[in-house]
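Here is a brisk look at helix packing and annotated segments in one chain. The structure comes first, then the reading of it.

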Amino acid sequence: METEVTLPKVQKKRKKIQKAPYLLLLPTLIMITALLFFPMARIFYYSFQNYDISAPFYDSFAGFDNFVKIFTEDAYFIPSLINSLKWVVSQVALQLGLGMGIALILNKKFKFRGLTRGFVFVPWAISGVLTSVMWSLMYNEHMGVFNDILSKLGLISEPQAFLASTNSAFIAVVVAELWRGIPFFAVTLLASLQSIPEELYEAAAMDGSNRWTSFINITLPQLKRTIVLTTLLRTVWEFNNVDLMYNLTNGGPANSTMTYAMYIAKTAVHGSDFGYGSALTVVAFLILTIIALVYLKISKFEEA
């Protein structure tokens, strides 16, 4: 009889316990909805509107006019997309390659390894504005360290305005962002390297494998999930990167560093045309979604 009485109580208690995780997640879900999904919904809403805060009397429903204008009339749409493509490919490829090299070095045992790892992470911890100020001073035509070094080496005869020339501005910003972005790959890849069992390398060495073949046959396959995920995240972040380029070049000179994200910022924030800026943002969202899905499919991430 005692078991019959206590069983329903135990079942009720279990049901109460099962609700607990959802109740604990509820504040987070509310915050995500308020800070992420609601703003996204507003962006989609405004993309179908003529919404210019500097001329509110023209505000009205635009339908698909903003999107038609983007693909048929906008002279900056394709050039800014091309700049974004060059920016993302150069950043992700170089950051991955250099970050991998640094991670492999930091994975070895040497003196002051912990301190070195801390210094490697420093650029990632510095804010974008501070990074911009630092690099703009180094690139300065009159007192910059790069001009000083190059002139002492005899590589230039007169000071160069790296950020004011269409030939060097894009490369200069790429180098500055590389300094800030490499630690992301270095730290994440280092964490994955430390999870690879040493026995795999010992077995490969016994079979006559050298460092290069061990790297190709053991290290890279073990790092596949991390590489796919980090490159995808970095692609999205770099595509939407505005702060460094905005502070260093503001999209110039002659729009040579005008990326798609920069164009959206200039249209919506400076031009006050939030309707058209929202439409540009929706197009960016669709482009990134397609890229992410295709990349995950090609890399077979779900099978890894």
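## Helix packing and annotated segments

H5 and H7 cross in a right-handed manner. This is a predicted model. Helix H5 spans residues 128-138 and packs against H7 at an angle of about 135°, the two axes lying 11 Å apart. That angle makes H5 oblique to H7, because the roughly antiparallel class only begins over 145 degrees.

Now H7 itself. It runs over residues 169-193, 25 residues in total. Does its length match or miss the ideal rise? At 1.5 Å a residue, H7 should span 36 Å, and its end C-alpha atoms are 36 Å apart, so the two agree. The helix is kinked, however: a bend of about 35° sits at Trp179, shortly before the proline Pro183. How many residues of H7 are buried? The count is 19 of the 25, so the rest of the structure largely encloses H7.

Next, the record. An unreviewed UniProt entry annotates residues 81-295 as "domain: ABC transmembrane type-1". It also carries the annotation "transmembrane region" for residues 21-45, 87-106, 118-138 and 274-296. The table gives the computed helix and strand content for the domain and for two of the transmembrane regions, with end-to-end C-alpha distances.

| Residues | Helix | Strand | End C-alpha distance |
|---|---|---|---|
| 81-295 | 74% | 0% | 18 Å |
| 87-106 | 100% | 0% | 27 Å |
| 118-138 | 90% | 0% | 23 Å |

Terms used:
Residues numbered from 1 in each chain as written. Predicted model: local features only at pLDDT ≥ 70, side-chain atom pairs only at ≥ 80, totals over all residues. Heavy atoms only, no water. UniProt positions renumbered as here; feature names shortened; annotations may be inferred. Helix = DSSP H or I, 4+ residues; strand = E, 2+ residues; numbered from the N terminus. Expected span 1.5 Å × (residues − 1). Bend = angle between axes of the 7 residues up to and from the residue. Buried < 20%, exposed > 50% of the residue type's maximum accessible area, 1.4 Å probe, protein only. Axes fitted to C-alpha atoms, helices over the stretch in contact; angles between N-to-C directions. Parallel < 35°, antiparallel > 145°, perpendicular 65-115°, else oblique. Left-handed = near helix turned anticlockwise from the far one by under 90°.
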